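Hi,

Here is the structure I promised to pass on. Have a look at it first, and my notes on the ligand and the pockets follow below.

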Amino acid sequence: MRIPVAEPDISELELEYVTDAVKRGEVSSTGPYVERFERAFAEFCEVPHAISCMNGTVALHLALIGLGIGPGDEVIVPALTYVAAANAVIHAGATVVLADVHPDHWGLDPEQVRARITPRTRAIIAVHLYGHPADMDPLMELAARHRLAVIEDAAEAQGARYRGRRVGSIGQVGTFSFFGNKTMTTGEGGMITTADPEVARRVRLYKNQGNDPARRYWHIVIGYNYRLTNVQAAMGLAQVQRAGTLLGDKLRIAAAYREGLQGLPCRLQPHLSWADPVYWMNCLVLDEGGPLSAARMQELLAERGIETRPFFQPVSALPMYQGSGSFPVAERLSRTGVNLPSGPRLAPGQLEAVIAAVRTILT
Ligand SMILES: *Cc1c(COP(=O)(O)O)cnc(C)c1O
């Protein structure tokens, strides 16, 4: 028996829509599923505009372009996240400024952000790490005071709420990924959400090779081909329609871990009162100075057929971003954290096996 860390949940509905798209020959980026997926996702996020694209990384790139961010601008990015946010800032020609995350909730620490604002700062990328919303209110206030844009990288938090509001609907722009291990997936895929019609217009223009929407082959800016295909969108539409099931399974799994892993020398990702997290990945953080390192924990679980993942490396540890400062909270979390199996298809028996293994290893 091997228990995977994440596995897509694909049903007959996805198969039906994808088959329909393929049978009609609508396999490229024109076709009705693209618009249906975008509309369904906008509704799901409770936001006026949702624009599909190839993946979560280009969603971030397009968000920056949509906001007019480029050379000479600085963008604040959390030191603990997937590398895509920092890379997208570089792709846009801007400068990455890292800030540490908050020890209580693992999102950007507003105090650390404040300390890094300069006259060149144009935006903050708030990441909803592992499915738990960042503390948006203080970030939005800080941004308003300094006239900065806020981009929410909600790749890991599809469906999460912050003080009742869907992530992706709070900042000026939200970005999502539908990579194979994300809660809703299209294999590879992404989405940009916004309430700002001008940002939406720019994003659509740049993702489609800068083509004037009113005139074919009339390219008015140097754009990109960042389009999602109708086949991927067909799968995405089914996933959004099944979001209730997928998110319900995530909550069931998280509740089982919370219940089953009490009283051990470790903790799970904190759940703050203002958050409705979606537990994209269940996170185990080992006590520092405890009996085991995170790496050893992963080895012992692997011996029992249980696949896990280490936490992300701090962005500042990667070769391209070295020298960008020291970030003690990000560094400590990265050193001590392990992602447990969290796929929506995890069966109750598999979940019990993971909990029993962790308990045995830690007691
Ligand atoms: C997955 C992910 C992305 C990027 O997604 P891709 O679709 O793989 O490009 C961006 N940010 C975070 C936090 C992610 O987890």
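A residue counts as near a molecule if one of its heavy atoms lies within 4 Å of it. Around the ligand there are 13 residues, and Thr57, Asp153, Glu156, Ser177 and Lys182 come nearest. This shell divides into 4 nonpolar, 6 polar and 3 charged residues (Ala, Val, Leu, Ile, Met, Phe, Trp, Tyr, Cys and Pro are nonpolar, Asp, Glu, Lys and Arg charged, the others, Gly among them, polar).

Before the rest, the small print: this is a predicted model, where local features need pLDDT of at least 70 and side-chain atom pairs pLDDT 80 or more, while totals for chains, interfaces and linings use all residues. Residues are numbered from 1 along each chain as its sequence is written, and side-chain values use heavy atoms, without hydrogens and water.

Now the polar contacts (pairs of N or O atoms within 3.5 Å). A ligand oxygen is 2.5 Å from a side-chain N or O atom of Thr57. For Ser177 the distance from a ligand oxygen to such an atom is 2.7 Å, and for Asn55 it is 3.4 Å. The protein covers 93% of the 380 Å² of accessible area that the ligand has on its own (Shrake-Rupley, 1.4 Å probe).

Which pocket does the ligand sit in? The second largest one, with more than half of the ligand's atoms within 2 Å of its grid points as the criterion. Its volume is about 300 Å³, whereas the largest pocket has about 630 Å³.

Cheers

Conventions. Polar contact = N/O pair within 3.5 Å; in protein donor to acceptor, adjacent residues only side chain to side chain. 1 Å grid on protein atoms, 1.4 Å probe; cavity = no way out; pocket = protein on both sides within 12 Å on 5 of 7 lines; lining within 4 Å. Points joined across faces, edges and corners; volume = space filled by probe spheres on them.
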